[in-house]
Amino acid sequence: MDSMRDHSCAVRSFQNRSAMEILCNQRRILTPDVVNCEKTSSYVVERVEDARLELDPEVFRDWPCLRSHDTPVMLRPRVSSGDRNGATGEFAREMTIGVMLTGVWGPASGIHNVVLGINDHLKQRFQKYRLLGFMDGPSGFASRRFLELNKMPNLTSYANQGGSDLLRYGSLRAMDEGDFKEIHGLCREYGLHGLVVAGGPAEISHVSQLVCYFETVPEDERVSIISVFQSPNCNVYVPKWLPITLGFDSAMTVSCEFAGNLSMDGLSSGRHIDYHFIRCGSSTATLEVALQVRPTYTILAEDLPQCGPDGRVKTLRSLVRSVANLMIKRYQMHRLRSGTILISDGFYDFLPHFADLERECRQLQQNWPDIDKPPSIDDALRFLSPPCLDIFIQLPRSDQDRLVKAYDKEGKPIVVETEPERLLAMLVMEHIRVMNEGIRRRNAAKDIGGGTSGPGSQGGSSIAGTESYDEDSIQDMEEEFPIPCLRVHYLGQEARCPLPSKFDSQFGWALGQAAAALAVAPEGKYNGYIAVVTDLLKDTTQWGLGGIPLAPLLRKQKEPELIPIPAIAENKEAVYRANQKLKREAKVLLVSKRQICTRDDHVMNIYNKLRMGDMMATHSRQPGPYQFEGPLSDGRTISLLAAYMPPEELQWPVDVAAHFTSR
């Protein structure tokens, strides 16, 4: 074990940072003033019996080891001095806790404060303790690369800093029995009593496998696996207990600043038609930006399968027509030349008939009789059903070719590569071009024969098809619509590692305290729990620390759709391995993600009241940059306010000041 202490990493330098140096040096000195010390210096962990969470029926039936995981717990101050003296003897033993950062993308802002919060809690509770930080996530755990964080003299330098360069991060995968035994052996080698894993829904889904395994081992060998949810997209939601995820507040502050700046840029340009198409992340994140920035139009992925105002199913063509007509009406009726269109992630996943298009293209490839001559785009045009064909002809030719190929040389499915915001901008531009061509032909017919052109005069389009617009949409237009300048942006990466907001700095520290309190419980008593912080609208000293079991959030997966071995697969062994991986992944219980666009979603209901007014006016807001000090630094996101406020009380923060709402 001594040799492992020699592993080290490059320590972040806080010098020579030009304009940012003063800010970073100031922020690393400040310790978040969170949580009453009585809750962390001497406490008992109490079960909240009247707030039991219900397990999914399939999980309850097929995973008996999780059936008792249904009761939240909270940290309560000890009442009598006798209990306090008993606690001193209880925590006189040596304690070893591990911490690991996971994710495909970088962990959210505030993750450093989680690590420091764990260390602070252990320092208060134990005379001798070790906090092992595993480098690069699971790979560092497996290869014995870690830092003894309790011995790092400059550990506090990472307080309130962005990024995750203290430990870095790595991805998790589905595990089997051999992996469980290897992990159990490494836990014994490290002497771990608990392991804190920070990650998003996908990573914590894999963590559930470890939770199930350690529930089956003897109590004296059990290691508490404690989860900390972090996600700039706020993909997980449990009423009262998990209203927001770490990093969401920081990500929204950055995204709203960017989106607000782009909206103001469009308003400042009065010479041409200027629209920004912005993809902001998940639908929860996009809805938050929409309420704070008040864009012209918002497209939420989960809202796409729902019928439009006319009762018809939304299609890609109708969506393009709606956006183009909106731009035209704003210009004709109010001379508004600019606007902002927000789009959420998951656009292709929820677009009606798009999944059918992918399936039909795969079937075309699988059933094609001529091995030497694979199907072409022309073959797909003859094979596809009408709804799928309508989407197919609107895609760029490069994506048409990818869909027709269906599989790469190893048999893996090929997906569309054009970003949804770019596709929509292209199609809207093409729609306007074809419409203008129709106007020119109609006007030319009037000049020549004094009549009007018929429906057959519509111009063709290589992208949008030959019926890109309705004849009624141009009959009131005497002149062509000015060609717009359409710009596309993606704000997902910009919002991942900013300096944490004041809220996320405090929230991360409190989550670290809660995770440590659960991890140090003897005999893995709280194995499979998620660290939570409650009462987040109150003063930080009144926040509640606790945990909820992971099991109620888990859902069983459907049977996987295995990859067939098409004739074009050059490496059939790779296809076999890919199918084996699919089978392993299908055994993992998934964390259920947050659902929006429902009648019970207060935030969505409020936005539905505002969106029609925003479409025909300019209500754009510019929230501005971070505020680390002063009254504006205590603002809360509307998504967090919605978790605690009834709808009638939630309306006024939206109307008055959106993000900058004093507590």
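**Strand pairing, helix packing and a buried arginine in the predicted model**

In the predicted model, Val-532 has Gly-546 of strand β13 as its bridge partner. This pair belongs to the contact between β12 and β13 (residues 544–549), two strands that run antiparallel and are joined by six bridges. Strand β12 is also joined to β7 (residues 224–229), in this case by two bridges and with the strands running parallel; here the bridge partner of Ser-227 is Ile-530 of β12. Strand β12 itself, which spans residues 529–534, is mostly covered, with six of its six residues buried. The covering extends to both faces of β12, since Tyr-529, Ala-531 and Val-533 are buried on one side, and Ile-530, Val-532 and Thr-534 are buried on the other.

For the chain overall, 22 helices and 15 strands are assigned, and 55% of the 663 residues count as buried. Among contacts between residues at least 6 apart in sequence, 78% join residues that are at least 24 apart.

A further group of strands forms an open sheet of four, in the order β9-β10-β8-β11 and with parallel pairing. Its edge strands are β9 (297–299) and β11 (485–490), each of which pairs on one side only. On average, and with direction ignored, neighbouring strands of this sheet are turned by 15 degrees against each other. Strands β8 (residues 274–279) and β11 run parallel and are joined by six bridges, and within this pairing Asp-274 has Cys-485 of β11 as its bridge partner. Two helices pack on the sheet. Helix α9 (residues 248–268) touches β8, β10 (338–343) and β11, and the direction of α9 makes about 170 degrees with that of β8. Helix α10 (residues 283–293), by contrast, touches β9 and β10, and the direction of α10 makes about 155 degrees with that of β10.

These two helices also meet each other, as the axes of α9 and α10 come within 9 Å and cross at roughly 50 degrees. At this angle, which falls neither under 35 degrees nor within 65 to 115 degrees, α9 and α10 are therefore oblique to each other. The crossing in which α9 passes α10 is right-handed. On the side of α9 the contact is made by Phe-248, Met-252, Ser-255, Cys-256, Ala-259, Gly-260 and Ser-263, while α10 contributes Thr-284, Ala-285, Glu-288, Val-289, Gln-292 and Val-293.

The surroundings of one arginine were examined in detail. Arg-330 lies in helix α11, which comprises residues 316–334. Because its relative accessibility is 1%, and the cut-off for burial is under 20%, Arg-330 counts as buried. The side chain of Arg-330 makes a polar contact with the side chain of Tyr-275, at 3.0 Å, and Tyr-275 falls within the residue range 274–279 of strand β8. A polar atom of the Arg-330 side chain also lies 2.7 Å from the backbone oxygen of Ser-338, a residue at the start of the range 338–343 given for strand β10. The buried side chain of Arg-330 is thus accompanied by polar partners in Tyr-275 and Ser-338.

How values were computed: Residues numbered from 1 in each chain as written. Predicted model: local features only at pLDDT ≥ 70, side-chain atom pairs only at ≥ 80, totals over all residues. Heavy atoms only, no water. Pairing = 2+ DSSP bridges. Axes fitted to C-alpha atoms, helices over the stretch in contact; angles between N-to-C directions. Contact = heavy atoms within 4.5 Å. Buried < 20%, exposed > 50% of the residue type's maximum accessible area, 1.4 Å probe, protein only. Polar contact = N/O pair within 3.5 Å; in protein donor to acceptor, adjacent residues only side chain to side chain. Parallel < 35°, antiparallel > 145°, perpendicular 65-115°, else oblique. Left-handed = near helix turned anticlockwise from the far one by under 90°.
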